[in-house]
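Student: Can we go through this structure term by term? I want to see how each word is earned.
Tutor: Good plan. Here it is.

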Amino acid sequence: AFGVITDIQFADAEDGHDFGGSRRRYYRHSLRLLREAVRAWAFESPPIDFVLQLGDSIDGLNARRGEAESALRKVLEALGRLPVPVHHAWGNHELYNFSRARLAQSGLCSRPAGGAAGPPDELCQAYHCSPAARLRLVVLDAYDLSILGRDPDSPRYEESLRLLREKNPNEDLNSPAGLKEPQFVAFNGGFSQAQLDWFDEVLKFSDENQEKVVVMGHLPIHPSASDRVCLAWNYESALSVIHSHRCVVCVLAGHLHDGGYCLDSHGVHHLTLEGVIETPPESNAFGTIYVYEDKMILKGRGRIADRVMQF
């Protein structure tokens, strides 16, 4: 069993709204909802073995207020009350607050030291582990290609900016207006070829060893589990890797605060979880997933509905 939560986006600030000005965001209450989730997970039976934090743990508002470090400390303290590992995906809001190099030295870097579990680039927050027999978790870094959190002089930044400008001619690179591929906005990102090649090798190993694989990352990679604006830039490439193997049973993502779900044509469940940040204080948005030989059962709280995902 494991806990799932996403888009906490904590800031010690009064309630606000999204960039469109129409959706309420509960910045300060999100930390209280996280603490409630932690208390609930502490009493789960059977006990949970780990937690997946699917990205955007603190809000970009903190960077403008000079409060990024203190906000992150409070979120990590809340999660640290659990005696189990927490696996973190990096989202756009982490990268609004910190450079990729800083994140790699922070408590949000859950990639094992030494590099063997992930791609050659040690600043890539992608890795795999086996939390139980015949079960493998793969964490993907959906901002491996991105202009966020990177030095503008770096080759990866230049490559990402070139790709973004090819696909998005808008003056505001966060605007999807008029785009044939509306996911090509600056608040999204994608997967480098090196990460995709590594991912392919991990799934090949899991195929050979008859493992079930759960994939997690901040950005959704299936258009039927997301709106088109919130997808990873090269989501089709990630899907192609998954569909060339038999082992993946579920892909978990955040980013789209309304959530989404689909069972794709290859029998893979794509579950996009609702975000804490837009959850009213009297509700919540987290869940516990129980893994069996032939299914996963999500027990949701608040905005997140219960779900059975058969393999």
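Tutor: Start with a cavity: on a 1 Å grid over the protein atoms alone, it is a set of points where a 1.4 Å probe fits but cannot get out; lining residues have an atom within 4 Å of a point. Its volume is the space filled by probe spheres set on the points, with grid points joined across faces, edges and corners. The largest cavity holds about 40 Å³. This is a predicted model: local features need pLDDT of at least 70, side-chain atom pairs need pLDDT 80 or more, and totals for chains, interfaces and linings use all residues. Residues are numbered from 1 along each chain as its sequence is written, and side-chain values use heavy atoms, without hydrogens or water.

Student: What lines the largest cavity, and how does the lining divide by class?
Tutor: Among its lining residues are Leu-140, Phe-191, Gly-217 and Ile-221. Ala, Val, Leu, Ile, Met, Phe, Trp, Tyr, Cys and Pro count as nonpolar, Asp, Glu, Lys and Arg as charged, and the others, Gly among them, as polar. The lining has seven nonpolar residues, one polar and no charged.

Student: What makes the largest pocket a pocket?
Tutor: A pocket is an open set of points with protein on both sides within 12 Å along at least five of seven lines. The largest pocket has a volume of about 520 Å³. Its lining has 21 residues, and those nearest its centre are Asp-18, Phe-19, Arg-25, Phe-187 and Cys-230. By class, six are nonpolar, seven polar and eight charged.

Student: How do you know that the span of α7 agrees with a helix?
Tutor: Helices are DSSP runs of H or I, at least four residues, numbered from the N terminus; strands are runs of E, at least two. The expected span is 1.5 Å times one less than the number of residues. Helix α7 (residues 193-208) has 16 residues, so 22 Å is expected; its end C-alpha atoms are 23 Å apart, which agrees.

Student: Why is Trp-41 called buried and a core member?
Tutor: Buried means under 20% relative accessible area, exposed over 50%, partly exposed in between (1.4 Å probe, protein chains only). Trp-41 is among the buried residues of α1. A nonpolar core is a set of buried Ala, Val, Leu, Ile, Met, Phe, Trp, Tyr and Cys residues joined through side-chain atoms within 4.5 Å. The largest core has 85 residues, and Trp-41 is one of those that touch the most other members. α1 gives the most to this core, with seven residues.
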